[in-house]
Amino acid sequence: LIFVFMIFSSSRKEKKRREQLNKIVKHDRVRTRGGIIGSVVEAKDDQLVIKVDEGRDTRITLDRQYVDAIIEGAGSGKD
């Protein structure tokens, strides 16, 4: 019974994470698993382009799965 509960809980967390990753849009601020923080400038199907240095316009392309957290969303009210 405990084992079934653990599997159910884990699958629910994974589903929620996938939904959050799919909702990432342009202008969201994100943190990667490596600790890099940047603003999304382009959101493709499974890849994101994030700007990590405003002064030099440095951009990084990464798979969505490597986003650890959304820091600020476009709809968060913070501009």
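**Exercise 1. Aspartate 57 and its salt bridge**

Classify aspartate 57 as buried, partly exposed or exposed, then find its salt-bridge partner and work out which network the pair belongs to.

*Solution.* Start with accessibility, keeping in mind that we're working on a predicted model. Aspartate 57 comes out at 38% relative accessibility. Buried means under 20% and exposed means over 50%, so aspartate 57 counts as partly exposed.

Next, look for the partner. Aspartate 57 forms a salt bridge with arginine 59, and their closest N and O atoms are 3.2 Å apart. The cut-off is 4 Å, so this pair qualifies. Arginine 59 is partly exposed as well, with a relative accessible area of 45%.

Now follow the shared partners outwards: salt bridges join Lys51, Glu54, Asp57 and Arg59 into one network. Within that group, lysine 51 pairs with glutamate 54, with 3.9 Å between the closest N and O atoms. Check the burial of these two: lysine 51 counts as buried at 18% relative accessibility, while glutamate 54 counts as exposed at 57%.

**Exercise 2. Positive phi outside glycine**

Take histidine 27 and aspartate 57. What is the phi of each, and where does each residue sit?

*Solution.* First, recall the background: most residues other than glycine have a negative phi. Then read off the angles. Histidine 27 has a phi near 85 degrees, which is positive. Aspartate 57, back from the first exercise, also has a positive phi, of about 55 degrees.

Now place them. Histidine 27 is in the loop between α1 and β1 (29–32), and aspartate 57 is in the loop between β3 (47–53) and β4. Last, add accessibility: histidine 27 counts as exposed at 57%, whereas aspartate 57 is partly exposed at 38%.

**Exercise 3. A buried arginine**

Which side chain of opposite charge is nearest to arginine 64, and how far away is it? Then list what the arginine side chain has for polar company.

*Solution.* Locate the residue first: arginine 64 lies in the loop between β4 (58–63) and β5 (67–72). It is buried.

Then look for a charged partner. In general, side chains of opposite charge can pair when their charged atoms come close. Here the nearest candidate is aspartate 45, at 6.7 Å. A salt bridge needs the atoms within 4 Å, so arginine 64 has no salt bridge.

Now turn to the backbone. The oxygen of aspartate 45's backbone lies 3.0 Å from a polar atom of the arginine 64 side chain. The backbone oxygen of isoleucine 24 is 3.5 Å from a polar atom of that side chain.

Finish with the contacts. Beyond four places in sequence, arginine 64 touches several residues, including Leu21, Asn22, Ala43, Lys44, Gln47 and Leu48.

**Exercise 4. Glutamine 47 across the chain**

Which residues does glutamine 47 contact once its neighbours within four places are set aside?

*Solution.* Begin with the setting: glutamine 47 belongs to strand β3 and counts as partly exposed at 28% relative accessibility.

Then collect the contacts, which are Glu42, Thr61, Leu62, Asp63 and Arg64. Arg64 is the buried arginine of the previous exercise. For a check on the backbone, take threonine 61: it is 14 residues from glutamine 47 along the chain, and their C-alpha atoms are 6.8 Å apart.

One of the contacts, glutamate 42, has a salt bridge of its own, with lysine 44 (3.7 Å, N to O). Glutamate 42 is partly exposed at 38%, and lysine 44 counts as partly exposed at 40%. To close the tally, the structure holds 5 salt bridges.

**Exercise 5. From tyrosine 66 to the surface patch**

How far apart are tyrosine 66 and methionine 6, in sequence and in space? Then describe the surroundings of each.

*Solution.* Do the distances first: 60 residues separate tyrosine 66 and methionine 6 in sequence, and their C-alpha atoms are 24 Å apart.

Tyrosine 66 sits in the loop between β4 and β5 and counts as partly exposed at 40%. Leaving out residues up to four places away, tyrosine 66 touches Thr32 and Arg33.

At the other end, methionine 6 lies in helix α1 (residues 2–22). Together with Ile2, Phe3, Phe5 and Ile7, Met6 forms a nonpolar surface patch with about 590 Å² of accessible area.

Notes: Residues numbered from 1 in each chain as written. Predicted model: local features only at pLDDT ≥ 70, side-chain atom pairs only at ≥ 80, totals over all residues. Heavy atoms only, no water. Patch = residues over 30% accessible without salt bridge, like charges linked within 9 Å, V, L, I, M, F, W, Y side chains within 5 Å. Areas by Shrake-Rupley, 256 points an atom, 1.4 Å probe, with all protein chains shown as cover. Helix = DSSP H or I, 4+ residues; strand = E, 2+ residues; numbered from the N terminus. Buried < 20%, exposed > 50% of the residue type's maximum accessible area, 1.4 Å probe, protein only. Lys, Arg positive; Asp, Glu negative; His and termini not counted. Polar contact = N/O pair within 3.5 Å; in protein donor to acceptor, adjacent residues only side chain to side chain. Contact = heavy atoms within 4.5 Å.
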